[in-house]
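Me: I'd like to learn how to read aromatic pairs and cysteines in a model. Can you walk me through it?

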Amino acid sequence: MTDPTADEQPSEPPPSTPTPAAPTYHLYPRREPFEHGLLPIPKLIFSDGAQTLSQLKSSILASNSTHRLTPETLAPFLQLSVEHARLLIETISSVLHDDSDPLVKAGAPKEIDEIGVNVFDLLIFLYIQSYKRLLPKGHKDSAAVADVWPSTSAFDGFLSALSPLQLVRSNSRRFMPSQADEEAHQLSYLQKHMANILSLLADSTEGGDDDSLVLSVDKFEHLEFLIYFGEKGSAKISLSQNAPFFANSDPDMPAVPVPASQILDWLLQNISSTLEHIADRVSLKESGPSSSPDPDVQMADAGTSSLKPSICTRGPSFIEGISKSSYVKQASDLKGTSVKVVNCHESVIYILAPLRYATIYGCSDATIVIGAVGKAIRVEHCERVHLITAARRICIANCRECVFFLGVNQQPLIVGDNHKLQVAPFNTYYSQLEEHMSQVGVDPNINRWDEPVTLGLLDPHDSLSHPAGVSDVQAESASRVDPDQFTNFVIPNWSKIENAGPTKDNPFPLPDAYLASQQKNIKSLAEVKQILRETQLEESRKRELSSALHACFKDWLYASGNIRQLYCLQGE
């Protein structure tokens with residue numbers, strides 16, 4: 001089993017338990033709720049979370065026998081608009097641990113409205129809205145940061161002392177929190193608040209005090225929203241199958257509810273054990289060679305486009321530090337279903353794979369294509385980035401002058417200090433795109449690219465302090481790309497691409513205005529080609545024309561930076 005405390009009830013587990021009694025596995029936080037599940041809505045953050053949520057739980061259960069809440073039934077309980085209640089439920093669906101929950105499988109907005117959210121998943125989600133993200137480590141050389149960007153910007157305001165790129169350079173992988181740091185921070189939060197979280201899941205017996213609280217196995221399994229057992233090289237293990245008091249219980253004969261105090265002791269001991277394990281791992285890494293990678297992530301170093309990430313099954317794949325290059329990853333190149341693109345500049349990055357989660361952080365002057373994302377993609381602290389993605393949902397935070405070409409099933413969420421953002425319909429394809437979308441559940445018949453939802457300018461989940469006296473205001477939204485400026489993006493068809501699929505065109509139907517613009521461009525190109533073919537010129541004049549066209553095209557390649565992409569792709 002997982003920990004040395006399994007002898008608290010010596011009668012279980014039986015000797016036939018397939019998991020060894022040695023501390024092979026550790027208890028880890030699920031990153032997804034903390035990375036993709038925090039909403040900057042003040043009404044969701046309670047100073048006395050346990051007390052307020054306990055009253056909320058009692059009110060909901062007293063009036064609702066199904067234990068599920070739709071946007072219409074949830075909104076009055078939280079004093080939210082129906083639109084914000086729907087956003088809350090959609091966010092929960094994107095980070096939910098149980099893929100068998102009908103909310104996860106719901107695609108169309110009407111389905112989500114009809115199914116609703118489980119009340120106990122809702123309570124856990126609401127509780128962790130009090131979480132504060134880990135502060136980045138301070139930069140050791142402020143002069144180096146100043147050299148990267150001008151000290152002033154046309155967009156500077158009270159939240160913009162640093163441009164996104166300055167912020168990222170100060171939080172580069174050397175200075176930003178590592179995965180181990182973030183896991184330890186999340187576990188410490190859970191360690192502090194686990195008693196309150198358990199009280200929200202527990203049922204009260206006759207006494208009615210804390211000592212009378214018990215948890216059934218089904219309520220206990222809701223904790224998988226936040227934590228799981230696992231280790232590098234292993235699959236995640238069910239909490240109930242790893243708990244000595246619920247392991248191997250017969251589904252036809254549910255286990256007897258267990259005192260919440262006993263479960264709390266067991267969880268806290270496992271959390272402490274994992275924190276010690278993380279500290280030992282970090283200590284070993286710091287005492288070893290400076291180039292040793294984080295064992296829980298796959299990483300691509302800067303300056304090359306042909307690296308292979310190291311194998312691991314826990315944590316996201318990192319694509320990091322790509323500069324003035326092109327970078328291509330397909331499904332066979334990635335281990336796992338989560339990707340983070342970090343600190344990449346003046347590059348073109350293709351990730352042509354089916355994913356569950358993706359994060360784009362601190363990139364600038366880059367074009368990034370993310371194939372299909374079935375849960376959520378987050379774009380944060382980016383500047384002058386063009387992102388093309390097909391996804392279930394997207395959140396954009398603290399970005400400037402970025403353009404998003406979207407095929408998204410839910411409304412784009414825009415939060416924080418954003419400036420001059422633009423959105424446009426999805427504009428590309430590759431041969432396996434529809435297969436990848438089908439695998440992760442992205443519906444090409446639903447595209448809400450032009451329905452962004454904006455929340456507050458200040459993020460209450462940031463540990464950074466905000467200027468005194470500054471009240472929160474609505475974040476700046478995004479404008480639509482002018483249809484006359486809309487163009488298709490062509491993904492190179494690499495000769496080595498494996499398992500070419502059937503996709504031959506953009507799977508998302510274009511809105512009429514953009515379709516008309518596209519057809520107009522196609523017609524104009526055909527007319528120019530026809531004129532060139534029919535023009536009667538002497539051979540010498542034809543050569544002069546051809547040379548002039550090639551010269552103009554070459555000038556454009558250099559001016560746009562696309563010449564670098566040609567060289568990189570040719571090099572592969």
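Reply: Let's take the rings, then the cysteines, keeping in mind that this is a predicted model.

Me: How many aromatic pairs does the structure hold?

Reply: There are 13 of them. To sort a pair, look at the angle between the ring planes: under 30 degrees is stacked, over 60 is edge-to-face, and the rest are tilted. Phe-229 and Trp-266 have ring centres 5.7 Å apart and planes at 50°, so that pair is tilted.

Me: Where in the chain do Phe-229 and Trp-266 sit?

Reply: Phe-229 is in strand β6 and Trp-266 is in helix α13, 37 residues apart, so to speak a link between distant parts of the chain. Both Phe-229 and Trp-266 come out at 0% relative accessibility, so they count as buried. They also belong to one aromatic cluster with Phe-220 and Phe-245.

Me: And what kind of pair do Phe-486 and Tyr-514 make?

Reply: Their planes are at 80°, with centres 5.2 Å apart, so call this one edge-to-face. Phe-486 lies in the loop between β19 and α15, while Tyr-514 is in helix α15 itself, 28 residues apart. Both residues are buried.

Me: Now the cysteines. How many disulfides does a search of the whole structure find?

Reply: Zero. A disulfide is a covalent bond between the sulfur atoms of two cysteines, so check the sulfur distances against a cut-off of 2.5 Å.

Me: Why is there no bond from Cys-402 to Cys-399?

Reply: The closest cysteine sulfur to that of Cys-402 is in Cys-399, but at 4.7 Å it's too far for a bond. Cys-395 also has Cys-399 as its closest, at 9.1 Å, again too far. Cys-402 is buried at 1% relative accessible area, and Cys-395 is buried at 11%.

Technical notes. Residues numbered from 1 in each chain as written. Predicted model: local features only at pLDDT ≥ 70, side-chain atom pairs only at ≥ 80, totals over all residues. Heavy atoms only, no water. Phe/Tyr/Trp six-rings, centres within 6.5 Å; stacked < 30°, edge-to-face > 60°. Helix = DSSP H or I, 4+ residues; strand = E, 2+ residues; numbered from the N terminus. Buried < 20%, exposed > 50% of the residue type's maximum accessible area, 1.4 Å probe, protein only.
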